[in-house]
Amino acid sequence: LMGAVVAEPTDLRLVVASKGCFRARVTFLGRAAHSAKPHLGINAISAAARLVASIEEDPALQVAPHPLLGPPTVNIGYIRGGVQINIVPQECEIEFDRRLVPGEDPDRIEQHYRSLAEQTAARFPGIVIRFERLLRDWPMETDPASSVATAAAAALAAANLPNEPTGVPFGSDASKFSRMGAPAIVLGPGSIDQAHTPDEYVGVEEVVRAVEVYKQLIRRF
């Protein structure tokens, strides 16, 4: 009998599903020229902008929403390019973050975006691209009837806390345990809204409640 409990901040809600993530950097390499004669250059920003539009308008995002997680999403989070206004930019790079729902495979998602970047570059003769994977993580979905989930639900009920299974859009180590064959849940004190902020905190009372929930969960499991 195996199970994993990952104590990320869930407001002590029972999380049985989480999104996966694929992040990449795409660098476009063109040719510099004076802006008075732009036809002598190859504009790397123009090519990158076309890829940004293709990523945001990608029909592959139009999949059926997951009942606990909603649809997959994508965010262009970083762009850098150009030297100054009167020079055709020789280089431009973008970084994007794609969130996956259960049923999507990060390897296939990566190949899809590599192909999209190559197709975009082909529309700009002379453009060269570099495609770098920055992060890859699988989505997670655990059966609410699994032993660890039912033990957690019973422990939460005993503490007079909500115990309905839910999902979160962020990732955690739970997906790694799940891929190793250990049914995993995410359950912990604190809110993800306070995570990674200058004043990150978890209320002491909630930590105390979490201790009691974990004790009951372990005994029931």
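Is D97 buried or exposed? Select D97 and take a look: this residue is buried, with a relative accessible area of 14%. Keep in mind as you go that this is a predicted model.

**Stop 1: the partner of D97**

Now add R23 to your selection. Its side chain and that of D97 meet in a salt bridge, with N to O at 2.7 Å. Colour the two strands involved and you'll see that the pair links distant parts of the chain: R23 sits in strand 3 (residues 20-29), D97 in strand 7 (residues 91-100), and they are 74 residues apart. R23 is partly exposed, at a relative accessible area of 31%. Next, bring in R99, since R23, D97 and R99 are linked in a network of salt bridges.

**Stop 2: R25 and two acidic partners**

Stay on strand 3 and pick R25, then show E95. These two form a salt bridge whose closest N and O atoms are 2.9 Å apart. Here again the pair links distant parts of the chain, with E95 in strand 7, R25 in strand 3 and their positions 70 residues apart. E95 counts as partly exposed, at 22% relative accessibility.

Keep R25 on screen and show E132. R25 forms a salt bridge with E132 too, and the closest N and O atoms are 3.3 Å apart. R25 lies in strand 3 and E132 in strand 8 (residues 128-137), so this pair ties together parts that are 107 residues apart in sequence. E132 is partly exposed, with a relative accessibility of 30%.

How many salt bridges does a search of the whole structure find? The count is 14, and the ones you've just visited, R23 with D97, R25 with E95 and R25 with E132, are among them.

**Stop 3: two cysteines**

Select C21 and C92. C21 is buried, with a relative accessible area of 6%. C92 is buried as well, at 1% relative accessibility. If you're hunting for disulfides, you can stop here: a search of the whole structure finds 0.

**Stop 4: a pair of helices**

Hide the strands for a moment and show helix 1 (residues 44-56) with helix 2 (residues 106-122). They pack at an angle of about 140°, and their axes are 9 Å apart. That angle makes helix 1 oblique to helix 2. The crossing of helix 1 and helix 2 is right-handed.

Which residues of helix 1 and helix 2 meet? On helix 1, turn on the side chains of A47, R50, L51, S54 and I55. On helix 2, do the same for Y113, L116, A117 and T120, which they meet.

**Stop 5: two loop residues with positive phi**

Go to L12, in the loop between strand 1 (4-6) and strand 2 (15-18). Phi of L12 is near 55°, a positive value in a residue other than glycine. L12 is buried, with a relative accessible area of 2%.

For the last selection, jump to N160, in the loop between helix 3 (147-158) and strand 10 (166-168). Phi of N160 is near 60°, also a positive value in a residue other than glycine. Is N160 buried or exposed? N160 counts as exposed, at 71% relative accessibility, whereas L12 is buried.

Notes. Residues are numbered from 1 along each chain as its sequence is written. This is a predicted model: local features need pLDDT of at least 70, side-chain atom pairs count only at pLDDT 80 or more; totals for chains, interfaces and linings use all residues. Side-chain values use heavy atoms; hydrogens and water are left out. A disulfide is a pair of cysteine sulfur atoms within 2.5 Å. Buried means under 20% relative accessible area, exposed over 50%, partly exposed in between (1.4 Å probe, protein chains only). A salt bridge is a side-chain nitrogen of Lys or Arg within 4 Å of a carboxyl oxygen of Asp or Glu. Helices (H or I, at least four residues) and strands (E, at least two) are DSSP runs, numbered from the N terminus. Axes are lines fitted to C-alpha atoms, for helices over the stretch in contact, and angles run from 0 to 180 degrees between N-to-C directions. Angles under 35 degrees count as roughly parallel, over 145 as roughly antiparallel, 65 to 115 as roughly perpendicular and the rest as oblique. A crossing is left-handed if the near helix is turned anticlockwise from the far one by less than a right angle, and right-handed if clockwise. Contact means heavy atoms within 4.5 Å.
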